[in-house]
Amino acid sequence: MRTVLARGSVRTGRRTLADGWVLLRGAEVLRAGDGPAPAADETVTGAHVVPGFVDVHCHGGGGAGFGGSVEDAARVAATHRAHGTTTLVASLVTRPVDELAATLAAYADLVADGLLAGVHLEGPWLSPAHHGAHDPALLRDPEPADLDRLLGTGLVRVVTLAPERPGGLAAVARIAGAGAVAALGHTDADAALTRRAVDAGARLATHLFNAMPPLHHRAPGPAGVLLEDERVTVELIADGVHLDPLVLSLAARRAGRGRVALVSDAMAAAGSADGRYRLGDLDVDVVAGVARLADGGTIAGSTLTLDRALRHAVTVAGLDLDDALAALTATPAALLGRGDVGHLEPGARGGAVVLDDALEVQRVVA
């Protein structure tokens with residue numbers, strides 16, 4: 001079916017069409033332009049037409065989490081798709097390597113079908129000093145055989161690790177050499193080691209400022225290095241819980257467009273109600289939309305969807321709309337090496353989102 005999405009503002013990711021339209025066949029962009037729109041089977045109008053969102057860090061939603069059944073994974077994807085995320089990387093919390101391998105095998109068809117854009121391994125190669133909502137008993141050093149086993153599936157797109165663990169720098173190089181994104185997070189590394197890890201191939205900061213030493217005026221630590229280095233994309237969680245809006249604004253403006261990826265880091269309660277949930281083997285209590293471990297109260301992911309992240313970034317933190325949209329589309333797409341998503345130019349297949357004046361989702365084509 002051919003669909004025209006039209007109205008005053010069409011942001012393709014590469015240009016803004018003031019009186020624009022986008023013609024799609026399914027989720028594939030055929031043409032984009034301005035002026036009179038071409039004939040189609042359906043015409044949808046809204047205040048803004050933008051590319052489908054790209055989330056490189058998401059653990060769950062709709063009451064389900066990644067790491068469970070294939071049906072649970074599909075439920076997570078459907079929940080976030082309804083909120084504009086059309087390209088989704090499934091993030092797995094720390095588990096034994098055998099379990100991670102089994103989950104990758106189970107998700108192979110979902111990746112092949114495009115429901116998932118791959119898998120993000122957040123652990124088990126993390127720092128016990130900053131384990132966050134990961135089970136510290138399962139943390140381990142990165143062994144080459146384990147990395148090769150998991151990376152060899154071709155399904156892993158991102159790996160988060162702490163470079164200070166024995167073998168950490170070699171693991172960064174191994175991950176990058178396999179074509180995946182090496183991400184630094186849940187780390188106690190100092191600035192010098194962080195620089196060495198970036199030199200070794202690390203290109204992503206996992207939820208910058210969270211689960212790492214704070215930025216200090218005499219010890220910039222990983223946060224200072226990752227924010228400053230032009231080679232690194234920084235994840236920011238725009239939910240008002242993980243980052244104060246001022247910090248979000250400062251980080252986004254310092255990194256600049258092209259280096260910020262707004263992520264959800266969502267767990268099962270995203271798009272669902274408050275209550276008790278599981279994240280891996282750990283109990284999580286969600287109260288007023290904030291997820292914390294039942295034991296100790298550590299923040300345990302978010303209940304965020306990327307449409308909410310967009311609204312928070314623009315209306316609360318004061319980011320420019322185009323900058324915020326780039327952080328939800330073009331930048332994470334480039335990080336994944338995906339030229340077919342994150343924009344609305346001919347040949348794109350990442351779908352589109354129609355937003356109203358309040359940046360609420362009216363329609364998702366995917």
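Modeller: A polar contact is a pair of N or O atoms within 3.5 Å, and within protein one of them must be able to donate a hydrogen and the other to accept it. In this predicted model, three residue pairs, both members at pLDDT 80 or more, are in polar contact between domain 1 and domain 2. On the side of domain 1 that touches domain 2, strand β22 (residues 361-365) gives the most, with three residues.

Colleague: What makes the pair of Arg311 and Glu360 a salt bridge?

Modeller: The closest N and O atoms of Arg311 and Glu360 are 3.4 Å apart, and the cut-off for a side-chain nitrogen of Arg and a carboxyl oxygen of Glu is 4 Å, so the pair qualifies. Across the interface of domain 1 and domain 2, the rule finds two salt bridges.

Colleague: Where do domain 1 and domain 2 lie along the chain, and how many residues does each bring to the contact?

Modeller: Domain 1 is made of two stretches, 3-49 and 357-365, while domain 2 covers 53-341. Ten residues of domain 1 and 13 residues of domain 2 take part in the contact. Between them the two domains bury about 790 Å², of which 65% is on carbon and sulfur atoms. Of the area that domain 1 buries against domain 2, 61% is supplied by Arg11, Leu359 and Val364, more than any other three residues.

Colleague: Why is Ala300 called buried?

Modeller: The relative accessible area of Ala300 is 0%, and buried means under 20%, so Ala300 meets the definition. Ala300 sits in the loop between β20 (290-293) and α8 (306-316). Leaving aside neighbours within four places in sequence, Ala300 is in contact with Ala133, Met267, Leu279, Val284, Ala291, Arg292 and Leu293.

Colleague: How do you know that the buried residues of α4 line one face of the helix?

Modeller: In helix α4 (residues 168-177), the buried residues are Gly168, Ala171, Val172 and Ile175. Looking down the axis of α4, one finds these residues within an arc of 105°, and therefore they line one face of the helix. Ala170 and Gly177, by contrast, are exposed on the other side of α4.

Colleague: What do the buried residues of α4 pack against, and which residue just after α4 takes a positive phi?

Modeller: The buried residues of α4 pack against α3 (144-151), β13 (156-161), β14 (181-184) and α5 (191-200). Just after the helix, Gly179 has a positive phi of about 90°.

Notes
Residues numbered from 1 in each chain as written. Predicted model: local features only at pLDDT ≥ 70, side-chain atom pairs only at ≥ 80, totals over all residues. Heavy atoms only, no water. Buried < 20%, exposed > 50% of the residue type's maximum accessible area, 1.4 Å probe, protein only. Helix = DSSP H or I, 4+ residues; strand = E, 2+ residues; numbered from the N terminus. Arc of directions from axis to C-beta. Contact = heavy atoms within 4.5 Å. Domains from an automatic or database assignment. Buried area = accessible area lost by both parts, 1.4 Å probe. Polar contact = N/O pair within 3.5 Å; in protein donor to acceptor, adjacent residues only side chain to side chain.
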